[in-house]
Amino acid sequence: MVERIAEYEIHDWRFKRLASMNARVVELWKGAAWAEGPVYFRDGDFLLFSDIPNDRILRFVPDLTGLGGTVSVFRQPAGYTNGHTRDREGRLVSCSHGHRRIERTEYDGTITVLADRWQGKRLNSPNDVVVKSDGTIWFTDPAYGIDSDLEGFRAPMEYGGCWVFRFDPRDGRLAPVIQEMKRPNGLAFSPDERFLYVADTGVSHDPEGPRHIRRFAVDEAGRLSGGEVFVTCDVGVFDGFRVDTEGRIWTSAGDGVHCYDPSGALLGKILLPQRAANLCFGGKKRNRLFICATTALYAVWTHVNGAQVP
Ligand code: MG
């Protein structure tokens, strides 16, 4: 039986100890056309996120009340960026729909192109990105940024698929690691990096298409195997997601945020008034979920801590 407490839908009693039943979801800001790609900078105590159709990266600085903060434009135009993360040196790594590439913002603010072509053909529109502890950069490359002019520039696909790639900044090698997903989207490693989770939002182009997260085993050399369906979304799609220190998945979905344990059991949901696209753990202790949900940025304190580094 599903219990409901305020905005929490409790599918497993354990969820009451993970989410704080006393914590309320706060709408921090509203005014995006489609908010995506949150990344938290603990060193500066601020959040960056994308507003894709408006071609800008926004910076949210929380105030001391926990109820709000200030939003300013970090970069505009921004190359229609979508997902962001930070590398092991703390630099911002971004997926650019407009430039169809993965790029890195250096400490001095200049932008370095990391990967924009595979065997001479342009990437589609990198969507989300994660950095492994060895410094390799893993990203998904669906075609949402070139399907129309809304989130980039309409253009044909060049290499003929929507793949997941690994880029090694040490030698500049780009290699496809998954080639049989429909529309790979969010991705994250388990805390021990033995598994890679990848969402497929292929239902956007086929009513019978995937709306799930798959789980791949990762070996010492970074090779993938397996790829079974880990969880299927019951409302909307899973877009971006993060894992906590215990390996639980906190994922965006059509009705808010879903939390799954490492076996794939649904523990609970945080219901939101708008469709969620992506989220990250932030705050000094990585125990506050920041959620990009359509036009707004929401946040809620939790009892868990995000596993993302730095
Ligand atoms: Mg996405």
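This is a guided tour of a predicted model, stop by stop, for you to follow in your viewer.

**Stop 1: the magnesium ion**

Start by selecting the magnesium ion. Which protein residues are its donors? Show Glu36, Asn127, Asn185 and Asp239 as sticks: Glu36 gives an OE atom, Asn127 and Asn185 each give OD1, and Asp239 gives an OD atom. These donors lie 2.2 to 2.7 Å from the ion. If you like sequence patterns, the spacing of the donor residues reads E-x90-N-x57-N-x53-D.

Now keep just Glu36 and Asp239 on screen. Glu36 is in strand β4 (residues 35-41), while Asp239 sits in the loop between β21 (224-232) and β22 (241-243). The two are 203 residues apart, so this pair links distant parts of the chain. Are they buried or exposed? Both Glu36 and Asp239 are buried.

**Stop 2: the largest pocket**

Stay with Asp239 and switch on a surface. Asp239 is one of the residues closest to the centre of the largest pocket, along with Trp34, Tyr144, Glu151 and Arg275. In total, 17 residues line this pocket, and the space inside comes to about 330 Å³. Colour the lining by class and you should get 5 nonpolar, 8 polar and 4 charged residues.

**Stop 3: Trp34**

Next, pick Trp34 from that pocket. You'll find Trp34 in the loop between β3 (26-30) and β4. Why does Trp34 count as buried? Its relative accessibility is 16%, and the cut-off for buried is under 20%.

Who are its contacts? Leaving out residues up to four places away in sequence, Trp34 touches Ser50, Asp51, Ile52, Pro53, Glu151, Asp239, Arg275, Ala277 and Thr294. Try a distance label between the C-alpha atoms of Trp34 and Asp51: they are separated by 5.4 Å, with the residues 17 apart along the chain.

**Stop 4: strand β27 and its partners**

Thr294 from that contact list takes you to the next stop. Thr294 belongs to the hairpin of β27 and β28, which has 2 residues between the strands, and its phi is positive, near 60°. Select β27 itself, residues 288-293. All 6 of the 6 residues are buried, so the strand is largely enclosed by the rest of the structure.

In a regular strand, side chains alternate between the two faces of the sheet. Have a look at each face of β27: Arg288, Phe290 and Cys292 are on one side, Leu289, Ile291 and Ala293 on the other, and both faces are covered.

Now add the neighbours. Strand β26 (residues 278-282) runs antiparallel to β27, joined by 5 bridges. Strand β28 (residues 296-301) also pairs with β27 in the antiparallel sense, over 6 bridges. Cys292 is a handy marker here: it is the bridge partner of Asn278, and it stands opposite Leu297 in β28. Between β26 and β27 there is a hairpin with 5 residues between the strands, where Gly283 in the turn has a positive phi of about 85°.

**Stop 5: the second largest pocket**

Gly283 leads straight to another pocket. It helps line the second largest one, and so do Tyr40, Asp45, Lys284, Arg288 and Trp301, among others. The volume of this pocket is about 220 Å³. Its lining has 4 nonpolar, 3 polar and 5 charged residues.

**Stop 6: strand β10**

Jump to residues 101-105, strand β10, where 5 of the 5 residues are buried. Arg101, Glu103 and Thr105 are on one side, with Ile102 and Arg104 on the other.

On one flank, β9 (residues 92-96) pairs with β10 in the antiparallel sense over 5 bridges, and Val93 has Arg104 as its bridge partner. Strand β11 (residues 111-115) is another antiparallel partner, over 4 bridges; here Ile102 is matched with Ala115. Check the hairpins too: Arg100 has a positive phi near 55° in the β9 and β10 one, and Gly109 has a positive phi near 95° in the β10 and β11 one.

**Last stop: some backbone oddities**

Finish with three loops. Between β7 (69-75) and β8 (81-86) is Pro77, joined to Gln76 by a cis peptide bond with omega about -5°. Asp55, between β5 (46-51) and β6 (56-62), has a positive phi near 50° without being a glycine. Glu193, in the loop between β18 (184-189) and β19 (195-200), also isn't a glycine, yet its phi is positive at about 60°.

Conventions. Residues numbered from 1 in each chain as written. Predicted model: local features only at pLDDT ≥ 70, side-chain atom pairs only at ≥ 80, totals over all residues. Heavy atoms only, no water. Donors = N, O, S within 2.8 Å, 3.2 Å for Na, K, Ca; no water. Buried < 20%, exposed > 50% of the residue type's maximum accessible area, 1.4 Å probe, protein only. 1 Å grid on protein atoms, 1.4 Å probe; cavity = no way out; pocket = protein on both sides within 12 Å on 5 of 7 lines; lining within 4 Å. Points joined across faces, edges and corners; volume = space filled by probe spheres on them. Nonpolar A, V, L, I, M, F, W, Y, C, P; charged D, E, K, R; others polar. Pairing = 2+ DSSP bridges. Contact = heavy atoms within 4.5 Å.
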